[in-house]
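Colleague: I should like to learn how to read the contacts in a structural model. Might we go through them step by step?

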Number of protein chains: 2
Amino acid sequence: MAWDQLFRFMQLQRARYSSLAAELDLSPVQASVLKELEPGTPVAMHALADALACDASNVTGIVDRLEARGLLERRESSHDRRVRMLMVTERGREVRASLLGRLRRPPQEIASLSRADQRTLARILKRAIAARAVTRVD
Amino acid sequence: MAWDQLFRFMQLQRARYSSLAAELDLSPVQASVLKELEPGTPVAMHALADALACDASNVTGIVDRLEARGLLERRESSHDRRVRMLMVTERGREVRASLLGRLRRPPQEIASLSRADQRTLARILKRAIAARAVTRVD
DNA sequence: TATTGTTATACTCTATAACTATA
DNA sequence: TATAGTTATAGAGTATAACAATA
């Protein structure tokens, strides 16, 4: 029952992410990449592939397009010459901040809940996510 | 705060849908189409485009591929000769049932919650979704 | 031998614009 | 005039397989 409601909610929210990303001329995946790249903290391409849950061969093209737009850059790894590290540029940092700002704003459905409901919701979801963290280790 | 947790949860769940669809050799969109087509209830192609929140021109190709696999069929509308109605075939009905069965199974995160938490979660989400239904009319 | 990233290839999804046949 | 669906086109995401460089 809880899952039914949650699944329905997620389905209703699905379009929001694409829409907010599109406002910044970003595809959903591009937005996800930018989200992953915390300014000042380089990320290896294979780590990004893991985060996106896609094949490494895709990352090349996705990164190519973001790099061509000047939102991130490839750097060398100091430890492993096979690895390319990704880091957002100054311009990428700005777009990322704008994106995160939009994503952080709660949608109407959540904003309309009472404070008590919001607190309860947060508490339960935190427990659910924690349960995942445990089983993930197995 | 509630939105932070919810957003994070949705992000963690994102891969699940694709993965369950892939088990049945369905792309995410193909799975969504099958989900929309309740057996015995024909749906117009433009209505499907609305449900998928995509351009009508895409639906042609998506439906072509599902029809080629014998999962659905195009029929004529009795009222408007411009309209094509879609209906799942018997084989499509089976695949759809299998898909819905998989999607309905709650993920680890939800299943691990107490009954009380699950009830509370369902109740709050129901309120949230209802709030959307109201603002949607505006 | 295994891993990292790239390339080549093929398929799917996506939007826009132009078209047809209907209404 | 407007709507439903198709086609043409172009771009982006996706997986698989093969490859070079490096570990």
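The dialogue below treats the protein interface and then the DNA strands.

Modeller: Please keep in mind throughout that this is a predicted model.

Colleague: How many residues of chain B are in contact with chain A?

Modeller: An interface may be read from both sides. Here 41 residues of chain B are in contact with 41 residues of chain A. The area buried between the two chains is about 4,100 Å², and carbon and sulfur atoms give 72% of that area.

Colleague: How many salt bridges does the rule find across this interface?

Modeller: A salt bridge pairs a side-chain nitrogen of Lys or Arg with a carboxyl oxygen of Asp or Glu within 4 Å. The rule finds 2 salt bridges across the interface of chain B and chain A. In a salt bridge between the side chains of B:R127 and A:D117, the distance from N to O is 2.8 Å. Between the chains there are also 4 residue pairs in polar contact, with both residues at pLDDT 80 or more.

Colleague: Which helices of chain B supply at least two residues each to the side that touches chain A?

Modeller: They are α1 (2-23), α2 (28-36), α5 (90-104), α6 (108-111) and α7 (115-137) of chain B. By class, the residues on this side of chain B are 21 nonpolar, 8 polar and 12 charged.

Colleague: Let us turn to the DNA. Which residues come nearest to DNA strand C?

Modeller: Of the 21 residues around DNA strand C, the nearest are A:H46, A:R74, B:S27, B:N58 and B:R65. One may then ask which part of the strand is approached. Sugar or phosphate holds 67% of the strand C atoms within 4 Å of the protein, and bases hold the rest. The side chain of B:S27 has an N or O atom 2.4 Å from a phosphate oxygen of strand C. Base oxygens of strand C are approached by the side chain of A:R82, at 2.8 Å, and by that of B:S57, at 2.7 Å. The element that gives the most to the surface near strand C is α4(B), with 4 residues.

Colleague: Which residues come nearest to DNA strand D?

Modeller: They are A:S27, A:N58, A:R65, B:H46 and B:R74, out of 21 residues around DNA strand D. Of the strand D atoms within 4 Å of the protein, 68% belong to sugar and phosphate. A polar backbone atom of B:H46 lies 2.5 Å from a phosphate oxygen of strand D, while for a polar side-chain atom of B:T60 the distance to a phosphate oxygen is 2.8 Å. For the surface near strand D, α4(A) gives the most, with 4 residues.

Notes
Residues are numbered from 1 along each chain as its sequence is written. Chains are lettered from A and ligands numbered from 1 in the order in which they are written. This is a predicted model: local features need pLDDT of at least 70, side-chain atom pairs count only at pLDDT 80 or more; totals for chains, interfaces and linings use all residues. Side-chain values use heavy atoms; hydrogens and water are left out. Contact means heavy atoms within 4.5 Å. Buried area is the accessible area (1.4 Å probe) that two parts lose on being put together, summed over both. A polar contact is a pair of N or O atoms within 3.5 Å; within protein, one must be able to donate a hydrogen and the other to accept it, and residues adjacent in sequence count only if both atoms are side-chain atoms. Ala, Val, Leu, Ile, Met, Phe, Trp, Tyr, Cys and Pro count as nonpolar, Asp, Glu, Lys and Arg as charged, and the others, Gly among them, as polar. A residue is near a molecule or strand if one of its heavy atoms lies within 4 Å of it.
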